[in-house]
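Open your viewer and get ready to click through a few stops. Each one tells you what to select and what you will find there.

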Amino acid sequence: MIYLLAFLGLMVPLAACLGYAAMHDSERRGPRTASAAAPAAPRRRPVAPAPPACPVSRERQVWIESSMLWLVKQFGLDTVRRPVALPTPDFFPVPFCGERREIRALLTRVCKVMQVDPLFIWMRLFDGPDTEELSSGEARRFAVGLYLRAWDFSVISLDRMDAAAPAVLAATIAHELGHVRLLGEDRITTARKDHEQLTDLATVYLGMGVFTANAALTSHHRGPAADRPEPGWIMTHGYLSQSDLAYALACCCRLRGENREPAWAEQLKPAPRRTLVQGLAYLTHAAEADDTGKVFPTAGHYRR
């Protein structure tokens with residue numbers, strides 16, 4: 001019993017010493033959880049996406065936007081807000097085999113879209129294009145349509161070969177009727193250097209833009225080479241590039257109050273449709289970032 005008490009007397013001070021040492025060792029090392037936690041990584045701020053870019057060059061943008069406002073003054077906003085003509089089967093006369101009466105019926109339909117009285121339009125057809133060699137020696141310009149003013153009437157000459165592609169023929173008719181609206185109504189003269197380009201732009205404003213944009217770049221082969229197409233030969237149609245026309249369509253959307261891709265854009269070919277979407281995104285972003293009320297980034301205001 002004496003030995004047991006002596007043993008216990010030794011163990012109690014020893015346990016107290018060990019506990020004191022462990023406590024101080026824990027204090028020196030600090031809290032266990034703090035030493036085990038990894039240092040927090042600095043938070044990275046999200047990178048803002050780049051704003052949409054204009055799909056055409058600055059020079060072309062300025063010309064298209066200023067010309068659009070000129071067309072607003074000439075024809076009014078109600079004109080551009082009318083339904084857009086689409087190359088759907090019901091737009092073309094049925095059947096359409098390229099006969100004179102069928103081409104005349106198509107001309108009448110385009111007249112209705114562009115608000116031209118067909119009774120004052122004389123139609124002339126010719127077979128095959130006369131080619132004009134360009135300075136490059138590689139490209140050729142085809143006269144697919146001609147406009148002539150005779151007294152109170154307008155004479156439109158069309159290449160009968162284009163009847164093989166009715167949508168392209170409709171675009172040609174639209175361009176010549178654009179001359180009727182601009183030259184025939186004395187809004188401009190041929191002395192204006194950009195009158196042909198402005199005529200293409202007028203077709204967009206007057207409702208035929210989908211036809212004009214789709215026809216601007218096409219692989220439609222004409223003439224004797226139709227059954228033996230030359231590799232890589234592409235026909236350009238009109239005086240504005242496909243990108244210019246698609247951006248002009250985006251500007252029309254802006255004037256029409258359409259901030260998103262409209263349903264009728266499904267009728268565009270893939271390339272001009274992409275340009276339209278990009279142009280519309282650019283115009284919408286520019287309008288949201290601008291508080292001056294300008295309708296276009298580079299152009300002024302218009303009266304509603």
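A residue is called buried when its relative accessible area is under 20%. Keep that cut-off in mind as you explore, and remember that this is a predicted model.

**Stop 1: strand E5.** Select residues 153-159, which make up strand E5. Six of its seven residues are buried, so the rest of the structure largely encloses this strand.

**Stop 2: the partners of E5.** Now add residues 121-126, strand E1, to your selection. E1 and E5 pair in the parallel sense, over six bridges. Next, add strand E4, residues 145-150. E4 pairs with E5 in the antiparallel sense, again over six bridges.

Which residues stand opposite Ser154 of E5? Label Ile121 and you have one of them; label Arg149 and you have another.

**Stop 3: the turn.** Follow the chain from E4 to E5: the two strands form a hairpin with two residues between them. Click on Trp151 in this turn, where phi is positive, at about 55 degrees.

**Stop 4: the cysteines.** How many disulfides does a search of the whole structure find? The search finds zero. Select Cys54, which is in no disulfide: its nearest cysteine sulfur belongs to Cys251, 7.8 Å away. Cys54 counts as buried because its relative accessibility is 18%, and the cut-off is under 20%.

Finish at Cys252. Why is there no bond to Cys251? The sulfur of Cys251 is the closest cysteine sulfur, but at 7.2 Å it is too far for a bond, since a disulfide needs the two sulfur atoms within 2.5 Å. Cys252 is also buried, with a relative accessible area of 3%.

Definitions and conventions. Residues are numbered from 1 along each chain as its sequence is written. This is a predicted model: local features need pLDDT of at least 70, side-chain atom pairs count only at pLDDT 80 or more; totals for chains, interfaces and linings use all residues. Side-chain values use heavy atoms; hydrogens and water are left out. Buried means under 20% relative accessible area, exposed over 50%, partly exposed in between (1.4 Å probe, protein chains only). Helices (H or I, at least four residues) and strands (E, at least two) are DSSP runs, numbered from the N terminus. Two strands pair if DSSP finds at least two bridges between them.
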